[in-house]
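Open the model and keep the sequence beside it. The walk below goes from the inside outward, one element at a time.

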Amino acid sequence: MNYPIQIKKHPFPSLLYLEWILLAITALTAVIPPPLRRFRPKLPELTICSLFPDLSICNLLPELSIYSLILFALMGLRLPRSSQNYKVIYTVIEILLILITGLFGERFARLFPFLYIILVTRSCLIFNLPGRLFVTSLSFALFLFTTQLKYQLFNLQASSQAQEKFRFLTLNWSLVFGLSLVFVLLMMNAVLSERHSREKLAIANEKLREYAMRIENQATLEERNRIAREIHDSLGHSLTALNLQLETALKLWQSNPGKAETFLATAKELGSKALKDVRQSVSTMRSNPLQEQSLERAIASLAENFHRSNGILPICQINLEYPLPPEINTAIYRITQESLTNITKYAYATEVKLELATIRGNLRLIIQDNGRGFDLGQNTTGFGLHSMRDRTLALGGDFNINSTPGSGCKITVNIPLMRLR
C-alpha cells in the first residue's frame, strides 16, 4: 500500500520570514564587500574551487551555490509532516545544499554558520527531541570540520604568529557558534513545548465542552425519566384506585345507592389527590412523597388505601432497626406503591403479604400475593416493573421477581445500607 507524503505549511510564518531576512542580509554581505575590507588582512576562503581551481565544475557551474541557497530558502515553505523517511531525506537534502553553497561558492562560504542555525531551527519543527539533538550535533560537527580545514589551509600561507592568532579566533568562533546552536535548540524547544501545551489545552477544553454537553443531555434524559416515574407512580396509582371506585359505584347505583354514594365520595377524594399530585409534579416534582412521614407510617397509609379499594388488608411486617436515608425511603415507598397498584390492576389476589426489615446491613423488601400471576417471559416490559428495577439498581441493590401463571407473584428487593449510611 502506498502512503501519500504529507507536508504542511510552516507552523511559524514569522520565523520563516526571519530566516529569509537573515539569508538576504548575509548574502548581501557576502556579495557586496564592506568599504573597510581593504584595510583588513584577507583570509582565505575554504571552497572546492579555491583548493582545486583547475576543476571543470568551477567553470561549468559558477552559479551552483546561488541556486542551492535559493532552493534552501524555498524549502522552508513546506515541511514534512508524518513520514519519518521523508523527514530524513528532507534534512539530508538541506545538508547537501548547505555544503554546496559553501564548497562551490567562495563568496558564500561565510554563510555556513547561519545556514546551520536555520537547519537546527527547522529540525526542531519536524523531529522529536532525539532527532533535534542529532541534527544539532551534526551541524556543530560539520562546522568544526570545515573550520579545521580552513585552519589547515591558512597554515600553508601565513606566519606562525598569524597562525596562532587565527587559531585563537577560530576557537572563540567555534565556542560562540556552539553556544548559539544550544541557545537556538533550547529556545525552539521552549516555543514548541508552549505551543504543544496550548494545543493540548484547546483539545482538553473541546473535550470538556463535549463532555459537559453529554452530561447535560444525560441529566435531561434522567430528569425526564424521573418525571415519568413520578407521574406514573403517584398519578397512576391514584387514577387506578379512582377508576375502581367509580366502577364499583356504577355497579351499586341501582341496587344500593347508599353504598354507591360512599364509593363516589372515596372517588372524589382520590380525584382530589390525583389533582394535587399533578400540580405538585408539574411545579416542583417533589422528591419526598412521604411528606415528612416515617416510612412505616407511609406504608401503612398505602395498605389502608389498598384495603379501601380492594377490600383486602395487606399483612405488613415492618422491622427497621434505624432510620433510613431519604433516597431509600422514597424508593421503597414508590416500589411498594407500584407493587400494590399492579396487584390491584392485574392480580385478582385475595391475600397480600409485605415484609420490610433490615438484615445484616441490608434492607430487604418482600411483597407477595396469591393472585393469578403471569409469565415472566412475556410481561416484564411494563413501565412499572422497569421503574421498580431502575430505582433499586440506582441504589446499588438487587431486584428479583418470581411469578408463574396461577401461582401469584413475589417481588424481592435487597439494598445494601453500609455504603449508603
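In this predicted model, the largest nonpolar core has 35 residues. Leu295, Ile328, Ile332, Ile343, Leu356, Leu363 and Leu365 touch the most other members. Several elements build this core. Helices H10, H11 (326-347) and H12 (383-394) each supply at least two residues, and so do strands E4 (352-359), E5 (362-369), E6 and E7. H11 gives the most, with 8 residues. Another core lies apart from this one. That other core has 30 residues, among them Leu119, Val120, Ile126 and Met188.

Start with H11. The helix has 22 residues and reaches 30 Å from its first C-alpha to its last, close to the 32 Å expected at 1.5 Å a residue. Of its 22 residues, 18 are buried, so H11 is largely enclosed by the rest of the structure.

Now turn to H10, residues 295-310. H10 has 16 residues and spans 22 Å between its first and last C-alpha, close to the 22 Å expected at 1.5 Å a residue. Which residues of H10 are buried? They are Leu295, Ala298, Ile299, Leu302, Ala303, Phe306 and Ser309. These residues cover an arc of only 140° around the axis, which puts them on the same side of H10. The spacing fits a general rule. An α-helix has 3.6 residues a turn, so residues three or four places apart point the same way. Just after H10, Gly311 takes a positive phi of about 75°.

Next, look for empty space. The count comes to 1 cavity of 30 Å³ or more. The largest cavity has a volume of about 60 Å³. Its lining consists of His237, Thr240, Ala241, Leu244, Asn305, Phe306, Ser309, Asn310, Thr341 and Thr344. Helix H8 (160-252), H10 and H11 each supply at least two residues of that lining. Phe306 and Ser309 thus appear twice: they are buried in H10, and they line the largest cavity.

Move on to the strands. E6 (residues 398-403) has two faces. Phe399, Ile401 and Ser403 make up the covered face, while Asp398, Asn400 and Asn402 make up the uncovered one. E6 pairs with E7 (residues 409-416) in the antiparallel sense, over 6 bridges. Phe399, from the covered face of E6, stands opposite Val413 in E7. The hairpin of E6 and E7 has 5 residues between the strands. Here Gly406 takes a positive phi near 85°.

Finish with the loops. Most residues other than glycine have a negative phi. Two residues here are worth checking against that rule. Tyr348 has a phi near 55°, a positive value in a residue other than glycine. Tyr348 lies in the loop between H11 and E4. Is Tyr348 buried or exposed? At 62% relative accessibility, Tyr348 counts as exposed. Arg360 also has a positive phi, near 50°, and is a residue other than glycine. Arg360 is found in the loop between E4 and E5. At 78% relative accessibility, Arg360 counts as exposed.

One more loop residue remains. Trp253 is in the loop between H8 and helix H9 (257-283). Trp253 is partly exposed, with a relative accessible area of 48%. Trp253 and Phe263 are 10 residues apart along the chain, and their C-alpha atoms are separated by 9.9 Å.

Terms used. Residues are numbered from 1 along each chain as its sequence is written. This is a predicted model: local features need pLDDT of at least 70, side-chain atom pairs count only at pLDDT 80 or more; totals for chains, interfaces and linings use all residues. Side-chain values use heavy atoms; hydrogens and water are left out. Buried means under 20% relative accessible area, exposed over 50%, partly exposed in between (1.4 Å probe, protein chains only). Helices (H or I, at least four residues) and strands (E, at least two) are DSSP runs, numbered from the N terminus. Two strands pair if DSSP finds at least two bridges between them. The expected span of a helix is 1.5 Å times one less than its number of residues. The arc is that of the directions from the helix axis to the C-beta atoms. A nonpolar core is a set of buried Ala, Val, Leu, Ile, Met, Phe, Trp, Tyr and Cys residues joined through side-chain atoms within 4.5 Å. On a 1 Å grid over the protein atoms alone, a cavity is a set of points where a 1.4 Å probe fits but cannot get out, and a pocket is an open set with protein on both sides within 12 Å along at least five of seven lines; lining residues have an atom within 4 Å of a point. Grid points are joined across faces, edges and corners, and a volume is the space filled by probe spheres set on the points.
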